[in-house]
Amino acid sequence: MIELASSGTLMTIAQLSLAIIGFTGVVLVFGRRVESQWTGYERAQFYAMVVTPLTALFCSFIPGLLALEISSEQTIWRLSNLFLGTLHLINFIGFFLVVKKTGTISSIHKITAFIGFLFIVSQFLAAALVLPWLEMIFILGLLQQLAIGIQNFVLLLSVKD
């Protein structure tokens, strides 16, 4: 087993992910979303608010788990980027399937979708060793997933009845 230098960072990201997921209940209770009907736009935001921190939480443990059996740091980060890129792509497709049902997407979501697409491409390129910054791309990808969750949390709180 090898010790990864970024283990502390990964555990911090996992803790932040859990906190964001916990705030989902705050949106439901204080936003009175339980009592009222959700718009399609709100459903898309809620989807993005929940699945992205779950992805960051799950993926923050992958390098450590891989390090239990794999002795090559490069292989650990390549596989970690592959896992994250795959889940990120699933989230990306899922969000657009939800948005397709509503027929509406905001400008901010268009911008973050473009950025998300760039992250997905970079994660797959890192997994293929086309890009050399394997660990940095992985950690930035986790942070991007957290940022999407936070963004949608704030957007849901700001929606007026």
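**A polar-leaning cavity in a six-helix model**

By class, the lining of the largest cavity holds ten polar, eight nonpolar and no charged residues (Ala, Val, Leu, Ile, Met, Phe, Trp, Tyr, Cys and Pro count as nonpolar, Asp, Glu, Lys and Arg as charged, and the others, Gly among them, as polar). The model is predicted, so local features need pLDDT of at least 70 and side-chain atom pairs pLDDT 80 or more, while totals for chains, interfaces and linings use all residues. Residues are numbered from 1 along each chain as its sequence is written, and side-chain values use heavy atoms, with hydrogens and water left out.

A search of the whole structure turns up one cavity of 30 Å³ or more, and the volume of the largest is about 200 Å³. Here a cavity is a set of points on a 1 Å grid over the protein atoms alone where a 1.4 Å probe fits but cannot get out, and lining residues have an atom within 4 Å of a point; points are joined across faces, edges and corners, and the volume is the space filled by probe spheres set on them. Of the 18 lining residues, T52, F92, F95, T112 and I148 sit closest to the centre. Two or more lining residues come from each of α2, α4, α5 (107-127) and α6.

As for the fold, there are six helices and zero strands (DSSP runs numbered from the N terminus: H or I of at least four residues for helices, E of at least two for strands). The 30 residues of α4 should span 44 Å at 1.5 Å a residue (taken times one less than the number of residues), and the end C-alpha atoms are 43 Å apart, which agrees. Buried residues of α4 include W77, N81, H88, F95 and V99, buried being under 20% relative accessible area with a 1.4 Å probe, protein chains only. Across the 161 residues of the protein, 41% count as buried.

The largest nonpolar core (buried Ala, Val, Leu, Ile, Met, Phe, Trp, Tyr and Cys joined through side-chain atoms within 4.5 Å) has 19 residues, and L10, I13, C59, W77, F138 and L142 touch the most other members. Two or more residues come from each of α1 (7-30), α2 (40-60), α3 (62-67), α4 (73-102) and α6 (134-158), with α6 giving the largest share, six residues. A second, separate core of five residues includes A44, A48, V99 and I148. Back in the largest core, beyond neighbours within four places in sequence, F138 is in contact (heavy atoms within 4.5 Å) with L10, C59, P63, W77, S80, N81 and L84.

How values were computed:
Buried < 20%, exposed > 50% of the residue type's maximum accessible area, 1.4 Å probe, protein only. 1 Å grid on protein atoms, 1.4 Å probe; cavity = no way out; pocket = protein on both sides within 12 Å on 5 of 7 lines; lining within 4 Å.
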